[in-house]
Amino acid sequence: MSDLSKYRNIGIFAHVDAGKTTTTERILKLTGKIHKTGEVHDGAATTDFMDQEQERGITIQSAATTCFWDDHRFNIIDTPGHVDFTIEVYRSLKVLDGGVGVFCGSGGVEPQSETNWRYANDSKVARVIFVNKLDRIGADYYRVIDQINTVLAAKPLVMVLPIGIEDDFKGVVDLLTMKAWVWDDSGQPENYEIQEIPDDMVEKAKQYRAEMIETAVEQDDEVMEAYLEGNEPDEATIKRCIRKGTIALDFFPTFCGSAFKNKGVQNVLNAVVDYLPSPTEVPAQPEVDLEGNETGNFATVDPNGPLRSLAFKIMDDQYGALTFTRIYSGKLKKGDSILNTFTGKTERVGRIVEMHADSREDLDSAQAGDIVALVGLKNVQTGHTLADAKNPATLEPMVFPDPVISVAVSPKDKAASEKLGEAIGKMVREDPSFYVETDPDSGETILKGMGELHLDIKVDILKRTHNVEVEVGAPQVAYRETITQRIEDSYTHKKQSGGSGQFGRIDYIIEPLEGDESGFEFESKVVGGNVPKEYWPAIEKGFRLSKDKGVLAGFPLLNFKVTLVDGAFHAVDSSAVAFEIAAKSGYRQTIPKCGPQLLEPIMKLDVFTPEDHVGDVIGDLNRRRGMIKTQDSTPTGVRVKADAPLSEMFGYIGDLRTMTSGRGQFSMEFSHYAPCPRNISEEIIAKVAEEKAKK
């Protein structure tokens, strides 16, 4: 049986282009997993194995791999940085015990770093920080440390100092041993020497070491008392204190280097072993019963416990569906039958494989603490719990955001039409932030996702991976509707057609609800039995089902409350169906009187531009109805943060590159819904009416 204290389940996450995949490649090279390092810009990185990843030089789906360092087993997941694929980061962090946050030495804390850091905080994942690209022009380790403090409100614990910067970056000073690690110019990671600290850095190293020790000893009262009396703790004690504080998320050990130049990566690997938790040192996952109520039990990491595992990613390839699974408790053997607690059906495990990007090794069994892929599961989706059929329990399910953008696709010919359904079924299983529906009026297939790039990639995968040729319509924005006024109203549903009829009367109030984006509330204040209690759920159901279609243009209705105040029933003719119909008809009657209003998705923008183009960029954002929030100067340009409606942002990357001579960059994520200006609202409603008339 494996020694779980030697396991490290870690993820590597950062903003797009901060060097995550390059860092992963260096880790694989150093641990002997690969013999030739692949470069992202050549499209040859091991973990970027999709065609779309190699062409665009970005990571789209998280890749899993296993390697060994200092007799410890690392299960590593390299995650995407682009905002359209944050769902990949979220679900990976959910099953990891620790992470390496990579920050660019010149770019600093970028917008996607903030989102990923927030996800990691939510999932309570211990992290070490690696400030990468210190060989780049404009790199400044100390500025990035400040930004981690101010922007992320996190406490970096400085463990190393850089020797030289930009072109002169040679190595790092290790504050724990007070020695310098200096690499030569061969570019080989193993070509380094451990030397004395350069004379001009001794004072600075002493100052930072003292700060490091002061922070570390706060984790242990006895060590702290001894330190205050002048007894400096030994190296093992300092490491123990740092480990305790890292796992408690009190601070984050911070390292630096240049992954591309093979400098400083060993220190990060050592830190993963020394400071990040093993599977047994993280809080146990809470269990819920099959109805979703907490049982008070926890899936403790124990190979001898009942099986508890979480499917966190589905990937289709030529051998069938691979289900990436984190085992929290128990053991799993090839050929076992396990229960999917979401569907209530048992699944048979055909094969268990250990993944290395897109290649695999067969295993006979796996145990608590392992991250493996299972082959042969039929109806498992991301977030499903796989448990012992004799002792079932569900782990906390994952929650995914709603899509904000859609495109219509139609197959080019009959052959494509037959393949389209099957291909889309596989893609939906793989990506829970990708939704597909059929337009009931036109019969078109509507793809919904998190952004333009997200849907671009999906269409590309349809064409290349699944060989389905499709025509793609213009992107559509996911508008919503809401109400602005409180109305009291009444509706009577009465139908007589021989025999028993249908009767239900409801008196109700519909009013706007503040706050929650998807808000709908139902309350009954009926007293005296005018509407018997058994009909209340049917009335709520009637309103809840109706809210999916607003009265202005058929978009879902948000943020309203229905209060049932009175009504009437008939001893023979009343039924749950009669009251449900009354609620649906009441919705159609009353919502138009409540001042309905169109809402549009507002995106949070983070735009980087060289200084001499700031005026053009801000002017352009204003024309797009953008609200500028902040402007921050950086050594290489200006970061502009703004809110802007999604409908105005299509094709923005092309315009930004034109304005900034190709040097501008931006990222965008959904922020909230806000009321549409009247002129735009009227245009949208007219357009929807016109499209309906055509159909």
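## Bend and kink in α10

The bend at a residue is the angle between axes fitted to the seven residues ending there and the seven starting there. In this predicted model, helix α10 carries a kink of about 30°. The kink is centred on L420.

Helix α10 spans residues 414-430, 17 residues in total. From first C-alpha to last, α10 reaches 25 Å. That is close to the 24 Å expected at 1.5 Å a residue. L420, at the centre of the kink, is also one of the buried residues of α10. The others are A416, A423, I424, M427 and E430.

A415 also lies in helix α10. A415 has a relative accessible area of 45%, so it counts as partly exposed. Its C-alpha is 9.3 Å from that of E469. In sequence, A415 and E469 are 54 residues apart.

## How far to trust the model

The protein averages a pLDDT of 80. Of its residues, 84% score at least 70. Confidence is highest in helix α13 (residues 576-590), at a mean of 93. It is lowest in helix α2 (residues 51-56), where the mean is 42.

Over residues 34-62 the pLDDT is below 50. Beyond near neighbours in sequence, that stretch has 93 contacts in the model. Where pLDDT is low, the predicted coordinates should not be read in detail.

## Strand β35 and its partners

Strand β35 covers residues 597-609. Of its 13 residues, 11 are buried, so β35 is largely enclosed by the rest of the structure.

Strand β38 (residues 665-675) runs antiparallel to β35, and 10 bridges join the two. Here F608 stands opposite Q665 in β38. Strand β37 (residues 637-645) pairs with β35 over eight bridges, again antiparallel. V607 has V640 in β37 as its bridge partner. Strand β30 (residues 480-482) pairs with β35 over three bridges, in the antiparallel sense. In that pairing, E481 is matched with L598 of β35.

## D606, a buried acid

D606 sits in strand β35. Its relative accessibility is 8%, and buried means under 20%, so D606 counts as buried. The D606 side chain makes a polar contact with the side chain of R639, at 2.9 Å.

## R243 in helix α8

R243 is found in helix α8 (residues 235-247). With a relative accessible area of 16%, R243 falls under the 20% cut-off and is therefore buried. The R243 side chain reaches the backbone oxygen of V273 at 3.4 Å.

What does R243 touch, not counting residues up to four places away in sequence? The list is R8, V273, D274, Y275, L276, P277, S278 and E281.

## L322 in strand β15

L322 lies in strand β15 (residues 320-329). At 1% relative accessibility, L322 is classed as buried. The C-alpha atoms of L322 and L374 are separated by 5.6 Å. Along the chain, these two residues are 52 residues apart.

Conventions:
Residues are numbered from 1 along each chain as its sequence is written. Side-chain values use heavy atoms; hydrogens and water are left out. Helices (H or I, at least four residues) and strands (E, at least two) are DSSP runs, numbered from the N terminus. The expected span of a helix is 1.5 Å times one less than its number of residues. Buried means under 20% relative accessible area, exposed over 50%, partly exposed in between (1.4 Å probe, protein chains only). A polar contact is a pair of N or O atoms within 3.5 Å; within protein, one must be able to donate a hydrogen and the other to accept it, and residues adjacent in sequence count only if both atoms are side-chain atoms. pLDDT is the predictor's confidence in each residue, from 0 to 100. Contact means heavy atoms within 4.5 Å. Two strands pair if DSSP finds at least two bridges between them.
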